[in-house]
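Trainee: I should like to learn how salt bridges and overall fold are read from a model. May we work through an example?

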Amino acid sequence: MRDFKKYDIWQSSHSFTLEVYKMTSQFPKEETYNLISQIRRASSSIPTNISEGGGRNSDKEFNQFLNIALGSANETEYLLILSRDLHYINTEIALDFLDKINSIKSKIYNLKQKLISPTA
């Protein structure tokens, strides 16, 4: 069993999720049960799946949860683009969040590569 809190990718994705919650608190109230809920669930799914995968018994199982986390990161990326295009966040903020989610995606991918490489 791995201590998920020690993974840089978990720390980054957790911090990112906290930022998403703060940012979406400024969205229009009519989005409370729509876009706000969806982007919060997608972003929180990233560290949640890293946490759950870290508790699994094998690298193969952990890798499956990293795949889910990567899917959630892609969903979050799209929802950020949508938020920008709906003018709920300005372009500068959107670019900052998109840079962060792409960094998280890269870290997930790199961890997946380490898990599946024969020298892992």
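Mentor: A salt bridge is a side-chain nitrogen of Lys or Arg within 4 Å of a carboxyl oxygen of Asp or Glu. Here the side chains of Arg-56 and Glu-52 form one, with an N to O distance of 3.0 Å. This is a predicted model, in which local features need pLDDT of at least 70 and side-chain atom pairs count only at pLDDT 80 or more, while totals for chains, interfaces and linings use all residues. Residues are numbered from 1 along each chain as its sequence is written, and side-chain values use heavy atoms, with hydrogens and water left out.

Trainee: Are Arg-56 and Glu-52 buried or exposed?

Mentor: Buried means under 20% relative accessible area, exposed over 50%, and partly exposed in between (1.4 Å probe, protein chains only). Arg-56, at 30%, is partly exposed, and so is Glu-52, at 37%.

Trainee: Which residues are joined into one network by salt bridges that share partners?

Mentor: Lys-100 pairs with Asp-96 at 3.2 Å, N to O. Shared partners join Glu-19, Asp-96 and Lys-100 into one network. The bridge between Lys-100 and Glu-19 is at 2.5 Å, N to O. That pair links distant parts of the chain, 81 residues apart: Lys-100 lies in helix α4 (residues 91–116) and Glu-19 in helix α1 (residues 8–24).

Trainee: How many helices does the chain have?

Mentor: Helices (H or I, at least four residues) and strands (E, at least two) are DSSP runs, numbered from the N terminus. The chain has four helices and zero strands.
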